[in-house]
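Hi,

Here is the structure I promised to pass on. Have a look at it first, and then read on for what turned up.

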Amino acid sequence: MNDTSTDIAYQVVLNDEEQHSGWPVDRPLPAGWRAEGTVGTRQACLDHIEAVWTDLCPLSAHA
């Protein structure tokens with residue numbers, strides 16, 4: 001996410017490994033990613049990700 005415009009709405013997305021990312025709402029989600037439900041500014045999404053994604057280890061590494 002390198003777009004710094006505050007006019008663009010972002011959403012928090014997750015993949016099957018429970019990894020988080022921010023993604024512009026006006027772009028189709030990449031394959032394997034789904035919307036988490038949080039929408040806002042880029043910074044708001046990054047703040048949310050920082051608060052909820054406390055275990056950065058991929059889900060498959062928890063076996």
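I started with strand pairing: in β2, S21 is the bridge partner of V13. That pair is a handy place to get your bearings. Do keep in mind throughout that this is a predicted model.

Around that pair, five bridges join β1 (residues 10-15) to β2, and the two strands run antiparallel. Zooming out, the sheet is open and has three strands in the order β2-β1-β3, with antiparallel pairing. β2 (20-24) and β3 (33-40) each have a single partner strand and stand at the edges, so one side of each has no neighbour in the sheet. From one strand to the next, the twist averages 35°.

As for the overall make-up, the protein has one helix and three strands, and from the N terminus on the elements run β-β-β-α. Of its 63 residues, 17% are buried. The protein exposes about 4,200 Å², with carbon and sulfur atoms supplying 53% of that. If you take the contacts with a separation of 6 or more, 39% of them are between residues 24 or more positions apart.

Two residues in the strands deserve a closer look.

Q11 lies in strand β1. Is Q11 buried or exposed? Its relative accessible area is 12%, and because anything under 20% counts as buried, Q11 is buried. Setting aside neighbours within four places in sequence, Q11 is in contact with S21, G22, W23, P24, V25, L29, A35, T38, V39 and C45.

H20 is the other one, and it lies in strand β2. With 14% relative accessibility, H20 counts as buried too. Which residues does H20 touch, not counting those up to four places away in sequence? They are V12, V13, L14, W33, I49, V52 and W53. V13 is the residue I began with, the one whose bridge partner in β2 is S21. The side chain of H20 also reaches the backbone oxygen of E18, at 3.2 Å.

E18 leads on to the charged residues. How many salt bridges does a search of the whole structure find? It finds two, and D16, E18 and R34 are linked by them in a network.

Taking them in turn, the side chains of R34 and D16 meet in a salt bridge at 3.9 Å, N to O. Why does this pair tie together separate parts of the chain? R34 is in strand β3 while D16 is in the loop between β1 and β2, so the pair connects parts that are 18 residues apart in sequence. R34 also forms a salt bridge with E18, where the closest N and O atoms are 3.0 Å apart. This pair links distant parts of the chain as well, with R34 in strand β3 and E18 in the loop between β1 and β2, 16 residues apart.

The three residues of the network are not covered to equal extents, if you go by the classes. D16 is exposed, with a relative accessible area of 62%. R34 is partly exposed, at 35%, and E18 also counts as partly exposed, at 31% relative accessibility.

If you open the model, I would go to R34 with its partners D16 and E18, and then step across to H20, whose side chain reaches the backbone oxygen of E18.

Cheers

Methods. Residues numbered from 1 in each chain as written. Predicted model: local features only at pLDDT ≥ 70, side-chain atom pairs only at ≥ 80, totals over all residues. Heavy atoms only, no water. Pairing = 2+ DSSP bridges. Helix = DSSP H or I, 4+ residues; strand = E, 2+ residues; numbered from the N terminus. Axes fitted to C-alpha atoms, helices over the stretch in contact; angles between N-to-C directions. Buried < 20%, exposed > 50% of the residue type's maximum accessible area, 1.4 Å probe, protein only. Contact = heavy atoms within 4.5 Å. Salt bridge = Lys/Arg side-chain N within 4 Å of Asp/Glu carboxyl O. Areas by Shrake-Rupley, 256 points an atom, 1.4 Å probe, with all protein chains shown as cover. Polar contact = N/O pair within 3.5 Å; in protein donor to acceptor, adjacent residues only side chain to side chain.
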